Amino acid sequence: MAGPVVHRDLAVSPVPHLSTAGISARITDSARHTPERAEAAKLQKEFKVRLTGTAIRRFQPVAYDTH
């Protein structure tokens, strides 16, 4: 089952996990994160977890059910 289609004008409403703070959070040591970078890193981690769970559920349903 497919989820809803999201239409987004990236100039008006950028994707939260692809912000400048998020990109710099990936290349900066976590001890040196500003509050903005720390929040962006948290969003990115949550996105990765959801993406991984969705991929496992979609492509390996037995493994997902076991998990």
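# A guided tour from Thr28

Select Thr28 to begin; setting aside residues within four places in sequence, Thr28 is in contact with His33 and Arg37. The model on display is a predicted one. Thr28 lies in the loop between helices H1 and H2. Is Thr28 buried or exposed? Its relative accessibility is 15%, and because the limit for a buried residue is under 20%, Thr28 counts as buried. Next, display the side chain of Thr28 together with the backbone of Ser24: a polar atom of that side chain lies 2.6 Å from the backbone oxygen of Ser24.

**Confidence**

Colour the protein by pLDDT before going further. The mean for the protein is 83, and 94% of its residues reach 70 or more. Helix H3, residues 61-66, has the lowest confidence, with a mean of 76, while H2 has the highest, at 86. Where pLDDT is low, the predicted coordinates should not be read in detail.

**Helix H1**

Select residues 20-27, which form H1. Which residues of this helix are buried? They are Ala21, Gly22, Ser24 and Ala25. These four share one side of H1, because the arc they cover around the axis is only 170°. In an α-helix there are 3.6 residues a turn, so residues three or four places apart point the same way. Now turn to the other side of H1, where Thr20, Arg26 and Ile27 are exposed.

**Where H1 meets H2**

Add residues 35-59, helix H2, to the selection; the buried residues of H1 pack against this helix. The axes of H1 and H2 are 8 Å apart, and the helices pack at an angle of about 85°. The two helices are therefore roughly perpendicular to each other. From H1, the residues making the contact are Ala21, Gly22, Ile23, Ser24, Ala25 and Arg26; from H2, they are Glu36, Arg37, Ala40, Ala41 and Gln44.

**Ala25**

Stay with H1 and select Ala25, a residue of that helix. Ala25 has a relative accessible area of 8% and is buried. What does Ala25 touch, not counting residues up to four places away in sequence? The list consists of His33, Arg37 and Ala41. Of these, His33 and Arg37 are also in contact with Thr28, the starting point of the tour. For a longer view, draw a line from Ala25 to Pro61: their C-alpha atoms are 33 Å apart in space, with their positions 36 residues apart in sequence.

**The segment before H1**

Move to Ser19, in the segment before H1. Ser19 has a relative accessibility of 25% and counts as partly exposed. Select Ala40 as well: the C-alpha atoms of Ser19 and Ala40 are separated by 7.5 Å, although the two residues are 21 apart along the chain. Ala40 has already appeared among the H2 residues that make the contact with H1.

The final stop is Arg8, which is also found in the segment before H1. Arg8 is partly exposed, with a relative accessible area of 41%. How far apart in space are Arg8 and Thr28, C-alpha to C-alpha? The distance is 28 Å, for two residues that are 20 apart in sequence. This line leads back to Thr28, in the loop between H1 and H2.

Methods
Residues are numbered from 1 along each chain as its sequence is written. This is a predicted model: local features need pLDDT of at least 70, side-chain atom pairs count only at pLDDT 80 or more; totals for chains, interfaces and linings use all residues. Side-chain values use heavy atoms; hydrogens and water are left out. Buried means under 20% relative accessible area, exposed over 50%, partly exposed in between (1.4 Å probe, protein chains only). The arc is that of the directions from the helix axis to the C-beta atoms. Contact means heavy atoms within 4.5 Å. A polar contact is a pair of N or O atoms within 3.5 Å; within protein, one must be able to donate a hydrogen and the other to accept it, and residues adjacent in sequence count only if both atoms are side-chain atoms. pLDDT is the predictor's confidence in each residue, from 0 to 100. Axes are lines fitted to C-alpha atoms, for helices over the stretch in contact, and angles run from 0 to 180 degrees between N-to-C directions. Angles under 35 degrees count as roughly parallel, over 145 as roughly antiparallel, 65 to 115 as roughly perpendicular and the rest as oblique.
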